[in-house]
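The following exercises concern helix packing, aromatic pairs and burial. Each task is followed by a solution in steps.

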Amino acid sequence: MQDKQPIGYFSEKLNGAQLNYSTYDKELLALVRALQVWQHYLLPNEFVIHTDHESLKWLKGQGKLSKRHARWVEFIETFPYMIQYKIGNDNVVADALSRRYTLITTLNAKVLGFEHIKELYDDDTDFSHIYKNCGHTAFEKFYLVDGLLFRLNRLCIPKCSMRELLIHEAHSGGLMGHFGVAKTLDILQEHFHWPHMKKDVEKVCSKCITCKQAKSKVMLHGLYTPLPIPTSPWVDLSMDFILGLPRTKKGRDSIFVVVDRFSKMSHFIPCHKTDDATHVADLFFKEVVRLHGIPKTIVSDRDVKFLSHFWKVLWGKLGTKLLYSTTCHPQTDG
């Protein structure tokens, strides 16, 4: 640059081992290559190197250098230079050039018929008048690069099937994760531009079958499964606990309630809140099984005692089926 105006451009594709370089090495390599290309302009006079990689500011102060760094620094020190750090937001020109080239190269390689969109600008309802005004110079925020229309470093896509293709790619293609409208729109707006993009993204996302299956906003709980209707007394029982009662002289503070679902006859058995499944089973056999025999089904909530391995194995051995009530629906327990 001279008088803040660019007078030359240089770009080069990384290859071989260069692709595996660290970010610092890539930035330093870019500086070395630029000096090699333009050294016949730069050598006589002192010049300023502007970079958005802050680590390069300390290039002259490095104590230990690898062989590669030493070779590069030895070459750089032959020039009368100064390095000035420029934050990324202020270095949009260089970023735009590199990213725009990468975008066009990628689309040419991956999108069949990408070159065809150049022919669509002339008759496109969204961009035809802008395209004609950008023949030789930039028009407002639009400009041409190799026949392609850009707006602020974003490629303008005429009205064609490629818009839907790009939306699908940003929504569900490659490493995309069927993002929502907002995130899909952000991904597209980073590289592309066309009017009413949000409306097009909403239309595609609303028709995505995968999203409808995995992101249903309606919680489908299904129908409640009715309990079997008892046909005789003390065959089908339900049980639960009444907790938080005043402690008796014997230290009992809860009631173990067992209800016959056929006759609604109940047993109220005093117990302790801390009783485990073993004590509960002992009380049940003493107060219920002793009088009425082994039941066929027992309905209970999902208390830790009723979900324990001991409780399930015990009634499995005796041939009794355990039925569990719906969460937060205590009326099922009798």
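**Exercise 1. Determine the handedness of the crossing of α6 and α7, and classify their relative orientation.**

Solution. In this predicted model, the crossing of α6 and α7 is right-handed. The orientation follows from the axes: those of helix α6 (residues 181-189) and helix α7 (residues 197-206) come within 10 Å and cross at roughly 130°. Angles over 145 degrees would count as roughly antiparallel, and those from 65 to 115 as roughly perpendicular. The helices α6 and α7 are therefore oblique to each other.

The next step is to identify the residues in contact. On the α6 side they are Val181, Thr184, Leu185, Leu188 and Gln189, and they meet Met197, Lys198, Val201, Glu202 and Cys205 in α7. Sorted by class, the contact of α6 with α7 has 6 nonpolar, 2 polar and 2 charged residues.

**Exercise 2. Describe how α5 packs against α7, giving angle, axis distance and the residues that meet.**

Solution. Helix α5 (residues 161-172) packs with α7 at an angle of about 60°, and their axes are 10 Å apart. The crossing in which α5 passes α7 is right-handed. From α5, the residues Arg163, Glu164, Ile167, His168 and His171 meet Asp200, Val201, Val204 and Cys205 of α7. By class, 4 nonpolar, 2 polar and 3 charged residues make up the contact of α5 with α7.

A comparison of the two residue lists shows that Val201 and Cys205 of α7 meet residues of α6 and also residues of α5.

**Exercise 3. State how many aromatic pairs the structure holds, and classify the pairs Tyr121–Tyr131 and Phe241–Phe256.**

Solution. The structure holds 11 aromatic pairs. For Tyr121 and Tyr131, the ring centres are 5.0 Å apart and the planes stand at 20°; since planes under 30 degrees apart count as stacked, this pair is stacked. Tyr121 lies in the loop between α3 (92-110) and α4 (128-133), whereas Tyr131 lies in helix α4, so the pair ties together parts that are 10 residues apart in sequence. Both Tyr121 and Tyr131 are buried.

The rings of Phe241 and Phe256 have centres 5.1 Å apart and planes at 25°, so this pair is stacked. The pair links distant parts of the chain, with Phe241 in strand β7 (residues 236-242) and Phe256 in strand β8 (residues 254-260), 15 residues apart. Phe241 is buried, at a relative accessible area of 15%, and Phe256 is buried, at 0%. Phe241 and Phe256 belong to one aromatic cluster that also includes Phe284, Phe285, Phe306, Trp311 and Trp315.

**Exercise 4. Is His53 buried or exposed, and which residues does His53 touch?**

Solution. His53 is located in the loop between β1 (47-51) and α2 (67-76). Its relative accessibility is 15%, and the cut-off for burial is under 20%, so His53 counts as buried. Leaving aside residues up to four places away in sequence, His53 touches Thr23, Tyr24, Glu27 and Tyr85. The C-alpha atoms of His53 and Gln84 are separated by 9.8 Å, with the two residues 31 residues apart along the chain.

**Exercise 5. Summarise the chain by secondary structure, burial and contact range.**

Solution. The secondary structure comprises 11 helices and 11 strands. Of the 334 residues, 34% count as buried. Among contacts in the chain with a separation of 6 or more, 59% are between residues 24 or more positions apart.

Methods. Residues numbered from 1 in each chain as written. Predicted model: local features only at pLDDT ≥ 70, side-chain atom pairs only at ≥ 80, totals over all residues. Heavy atoms only, no water. Axes fitted to C-alpha atoms, helices over the stretch in contact; angles between N-to-C directions. Helix = DSSP H or I, 4+ residues; strand = E, 2+ residues; numbered from the N terminus. Parallel < 35°, antiparallel > 145°, perpendicular 65-115°, else oblique. Left-handed = near helix turned anticlockwise from the far one by under 90°. Contact = heavy atoms within 4.5 Å. Nonpolar A, V, L, I, M, F, W, Y, C, P; charged D, E, K, R; others polar. Buried < 20%, exposed > 50% of the residue type's maximum accessible area, 1.4 Å probe, protein only. Phe/Tyr/Trp six-rings, centres within 6.5 Å; stacked < 30°, edge-to-face > 60°.
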